[in-house]
Amino acid sequence: MIYEARSYRIARGKVPEFLKLFAEGYETRSEHSEISAMLYTEIGPLNQVIHIWPYADMGERERIRVEAAKDPNWPPKVSHVIETMQSEIFAPLPFTPTMGSGELGPVFEWREYTMRSDGQPALVENWSTAIEKRVEMSPLVMAMVTECGALNKLVHIWGYESLEHRREVREEAREKGIWPPKNVSGGPDPILTQESKICFAADYSPVK
């Protein structure tokens, strides 16, 4: 399984229009394959939307995109509100072989880390010792690493009931020593940089 995350920066004040027009095109696009998530930012880099698509592999992605392009409603008529576009291909980590769906939010934190070029094995080892207790506190929607695009990038998406719930969970996890995970690998810290943004989900997003 792979996931394509397409991140767009939308013109100021035009995110609602983008989401509406995207939904209209998606009505027939979903006949080829369904989206995993449609998120838009509330805190962090503003006016950003991220749509995530699941594929069995790159071959399926290419086949579906060719078929979808024959649809007169796809791509959606949104180019007039898009300022920048970025596409990245991710592979899920063992903790989330498939992306979560259903009522997991409504607040989502998208955490994006740059790892050392050799850091992924250590990060997986570190997380393996702590993830079971951490997901008891709030759901892990997805943890995935880039295969194409900016390499050595880890994205993990967490669901919370509210911003206050996020604060409470993170505070409790630190106090109990549950999270962040300890560096049990014994080597250097596998993480070089960290970024975070808070997102909400569109009405038609499978994860919400």
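A residue is taken as buried when its relative accessible area is under 20%. In the predicted model examined here, F22 has a relative accessible area of 1% and is therefore buried. W53, at 2% relative accessibility, falls under the cut-off of 20% as well and so also counts as buried.

These two residues are partners in an aromatic pair, with ring centres 6.5 Å apart and an angle of 45° between the planes, an arrangement classed as tilted. The pair joins distant parts of the chain, since F22 belongs to helix 1 (residues 15–29) whereas W53 belongs to strand 3 (residues 48–55), with the two positions 31 residues apart in the numbering. In total, 13 aromatic pairs are counted in the model. Through ring pairs, F22 and W53 are connected with Y8, F18, Y26, W74 and Y204 in a cluster. The ring of W53 is, in addition, covered by the charged end of R29, which sits 4.1 Å from the ring centre.

A second arrangement of a charge over a ring involves R134, which lies over the face of W158 at 4.0 Å from the centre of the ring. Both R134 and W158 also appear in the lining of the largest cavity, together with E109, R111, H156, Y160, R170 and W179. The volume of this cavity is about 30 Å³, and the count of cavities of 30 Å³ or more comes to one. By residue class, the lining comprises four charged, three nonpolar and one polar residue. With respect to secondary structure, strand 5 and strand 7 each contribute at least two residues to the lining, and the greatest contribution, three residues, is that of strand 7.

Strand 5 and strand 7 are also found among the elements against which the buried residues of helix 3 pack. Within helix 3, which spans residues 120–128, the buried positions are A122, L123, V124, N126 and W127. In an α-helix, residues three or four places apart point the same way, because there are 3.6 residues a turn. The packing partners of the buried residues of helix 3 comprise one further helix, helix 4 (131–134), and four strands, namely strand 5 (107–115), strand 6 (140–148), strand 7 (153–160) and strand 8 (191–201).

Terms used
Residues are numbered from 1 along each chain as its sequence is written. This is a predicted model: local features need pLDDT of at least 70, side-chain atom pairs count only at pLDDT 80 or more; totals for chains, interfaces and linings use all residues. Side-chain values use heavy atoms; hydrogens and water are left out. Rings of Phe, Tyr and Trp (its six-membered ring) pair if their centres lie within 6.5 Å; planes under 30 degrees apart count as stacked, over 60 as edge-to-face and the rest as tilted. Buried means under 20% relative accessible area, exposed over 50%, partly exposed in between (1.4 Å probe, protein chains only). A charge sits over a ring if NZ of Lys or CZ of Arg is within 6 Å of the ring centre and within 35 degrees of the ring normal. Contact means heavy atoms within 4.5 Å. On a 1 Å grid over the protein atoms alone, a cavity is a set of points where a 1.4 Å probe fits but cannot get out, and a pocket is an open set with protein on both sides within 12 Å along at least five of seven lines; lining residues have an atom within 4 Å of a point. Grid points are joined across faces, edges and corners, and a volume is the space filled by probe spheres set on the points. Ala, Val, Leu, Ile, Met, Phe, Trp, Tyr, Cys and Pro count as nonpolar, Asp, Glu, Lys and Arg as charged, and the others, Gly among them, as polar.
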